[in-house]
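Biologist: I'm new to this one, could you walk me through it before I start clicking around?
Modeller: Gladly, here it is.

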Amino acid sequence: MTPRPGRSTIVRGGRLLDARAHRADPADVLITGDTIAEVGAPGLKAPAGARVIDARGLLLHPGLINAHTHAHGNLAKGMGDLWTLELLLTAAPWIGGNRTAEDRHLSAKIGAVEMVLKGCTAAYDLPLELPVPTAAGLEAVGRAYADVGLRAVIAPMVADRTFFEAVPGLLDALAPGLRKDVDRLRLAPWKSSVANLRKALRGWTLDREHVRLAVAPTIPHHCSDEFLRACVDLAKEHGVGLHSHVAESKVQAIVGLQRYGKTQTAHLDDLGALGPHFTLAHGVWLDADDMKRLGDHGASVAHNPGSNMRLGNGLGDMRGMLERRVNVGIGTDGANCSDNLNVYEAMRLASLVSKARRPDVERWVTTEEVALAATEGSARALGTDQRLGRLAPGYKADLVFLDLQHPNWIPLNDPTNQLVHTEDGGAVTHVMIGGRMVVEHRRVTTVDVAALARQAEAARQRLARANVPLKALYERLAPVVGRYCPGLAHMPYHIDRYVGS
Ligand SMILES: [Zn+2]
């Protein structure tokens with residue numbers, strides 16, 4: 001249960017991570033309701049009758065925040081191997097087809113359970129509902145997060161062009177029969193997407209402190225400019241976040257140049273999309289000017305190193321982003337393209353990717369930069385008004401308790417280095433979100449995981465049957481996409497080539 005307002009909890013005997021200082025000194029944490037009231041030396045005074053949590057032998061760190069994931073991906077876990085981003089987009093109707101509202105709920109819940117078990121306390125989630133998001137579909141996703149007790153910002157992905165319409169020349173590369181099949185995947189006119197989003201934003205019944213909505217024009221060139229402008233206006237009108245996949249693959253970056261004569265980021269800037277409420281997912285192909293624009297506007301990048309490698313997109317430049325004052329959060333991306341929703345792994349990969357890019361040690365990101373990105377940085381991406389991502393008075397009581405007797409921590413030499421490089425979720429013992437114990441002794445307290453597994457298996461079987469025709473369509477399309485898109489990806493990525501200089 002959510003703690004009663006004013007009810008006190010004292011966490012005693014733990015060691016509190018200070019990621020900046022690379023220290024974990026003994027400290028007690030006093031919580032009032034859902035908020036940290038005080039952090040102090042062992043023996044901190046607590047009001048009479050306060051609930052006591054024994055944290056001896058445990059390391060406390062702020063809940064990790066997943067800056068980018070996809071609720072619908074969880075039921076499609078493990079369905080592909082040799083997928084580029086473009087093949088994943090081609091597979092989307094098959095692996096996400098014929099979903100009911102209950103499937104959407106189930107898929108979101110599987111992800112939420114995985115995240116809390118792996119020390120994550122909030123997520124920025126971009127669900128997909130075709131041909132258009134509905135208030136009921138969004139509510140089903142939101143309810144899953146509320147049931148598990150994980151905080152979430154839910155930004156439904158919207159577009160008015162299919163992937164095939166969005167990539168110039170791709171439709172022409174399809175045989176006429178195949179083109180007719182692809183025509184049937186056509187999306188709803190953008191005005192109906194905007195109308196549904198507005199309805200969902202106005203009628204949202206879930207507690208916005210825990211689960212709120214945002215707007216995600218999925219990939220800029222999958223949306224007409226009128227649609228992008230309407231999304232920008234809608235986000236402003238409702239004071240919510242805006243989230244988009246930008247410069248994720250080289251194909252995407254080149255198509256952006258072909259369509260706009262400038263980068264996707266420059267185009268979004270011209271449309272007024274950039275600002276502190278804007279989160280750009282991936283950004284592997286951002287150039288220095290793009291990063292400067294994002295930094296100057298106080299925007300965020302959700303850096304998803306696992307997905308970027310898994311889909312062959314490349315290695316994002318976190319140092320370049322930080323240098324230009326871009327706020328960087330860390331994300332896992334969806335289970336359909338980067339498998340697990342483990343933010344510890346994403347942190348480790350963020351560190352490793354920066355090292356793999358080049359041998360200049362002074363350009364590498366440090367473990368404290370990565371740890372701060374996955375907590376404070378992701379928190380800022382989720383919304384500037386939420387006090388998340390730190391264990392300090394006034395911040396929400398979102399705490400992860402790690403077992404220092406776990407091999408990941410034997411011995412404890414440097415807690416920041418070990419959080420990022422050694423921890424893999426294996427030492428997570430308890431997780432508190434807003435003062436409520438959502439994971440206790442490695443078990444989720446809020447939902448029945450065994451029942452969830454049974455429901456997921458039933459859904460998996462039903463969806464596998466229902467999606468046979470869409471799978472067959474994917475198998476006919478994949479060779480064409482697999483030939484056409486690498487052709488684009490092998491073109492030189494240089495802006496002069498596309499603006500006719
Ligand atoms: Zn994504």
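Modeller: We can go through helices, strands and then the empty spaces.

Biologist: Anything I should know before we start?
Modeller: This is a predicted model, in which local features need pLDDT of at least 70 and side-chain atom pairs count only at pLDDT 80 or more, while totals for chains, interfaces and linings use all residues. Residues are numbered from 1 along each chain as its sequence is written, and side-chain values use heavy atoms, with hydrogens and water left out.

Biologist: OK, what is the span of α2?
Modeller: Helix α2 covers residues 101-117 and reaches 25 Å from its first C-alpha to its last, close to the 24 Å expected at 1.5 Å a residue. The expected span is 1.5 Å times one less than the number of residues, and helices (H or I, at least four residues) and strands (E, at least two) are DSSP runs, numbered from the N terminus.

Biologist: And how many of its residues are buried?
Modeller: In α2, 14 of the 17 residues are buried, so the helix is largely enclosed by the rest of the structure. Buried means under 20% relative accessible area, exposed over 50%, and partly exposed in between, with a 1.4 Å probe and protein chains only. Just after α2, G119 takes a positive phi of about 75°.

Biologist: Switching to strands, which residues of β5 are on each side?
Modeller: L58, L60 and P62 lie on one side of β5 and L59 and H61 on the other, and all are buried, which leaves both faces covered. In a regular strand the side chains alternate between the two faces of the sheet.

Biologist: What does β5 pair with?
Modeller: Two bridges join β5 to strand β1 (residues 8-18) in parallel, and five bridges join β5 to strand β16 (residues 399-403), running antiparallel; two strands pair if DSSP finds at least two bridges between them. L59 in β5 is the bridge partner of R15, and in β16 the bridge partner of L59 is L402.

Biologist: And around β13?
Modeller: Strand β13 (residues 278-282) has five of its five residues buried. It runs parallel to β12 (residues 242-246), with five bridges between them, and it pairs with β14 (residues 300-303) in the parallel sense over three bridges. T279 in β13 stands opposite H243, and the bridge partner of T279 in β14 is S300. From β13 the chain crosses through helix α10 (residues 288-296) to β14 in a right-handed β-α-β crossover, meaning that, with the strands pointing away from the viewer, the path from the first strand over the helix to the second runs clockwise.

Biologist: Now the holes, how much space lies in the largest pocket?
Modeller: The largest pocket holds about 810 Å³ of space. Of its 43 lining residues, the closest to its centre are L89, A92, P93, L128 and L130, and α1 gives the most to the lining, with six residues.

Biologist: How do you define a pocket, and is a cavity something else?
Modeller: On a 1 Å grid over the protein atoms alone, a cavity is a set of points where a 1.4 Å probe fits but cannot get out, and a pocket is an open set with protein on both sides within 12 Å along at least five of seven lines; lining residues have an atom within 4 Å of a point. Grid points are joined across faces, edges and corners, and a volume is the space filled by probe spheres set on the points.

Biologist: Then how many cavities are there?
Modeller: There are five cavities of 30 Å³ or more, and the largest has about 80 Å³ of space. Helix α3 gives the most to the lining of the largest cavity, with three residues.
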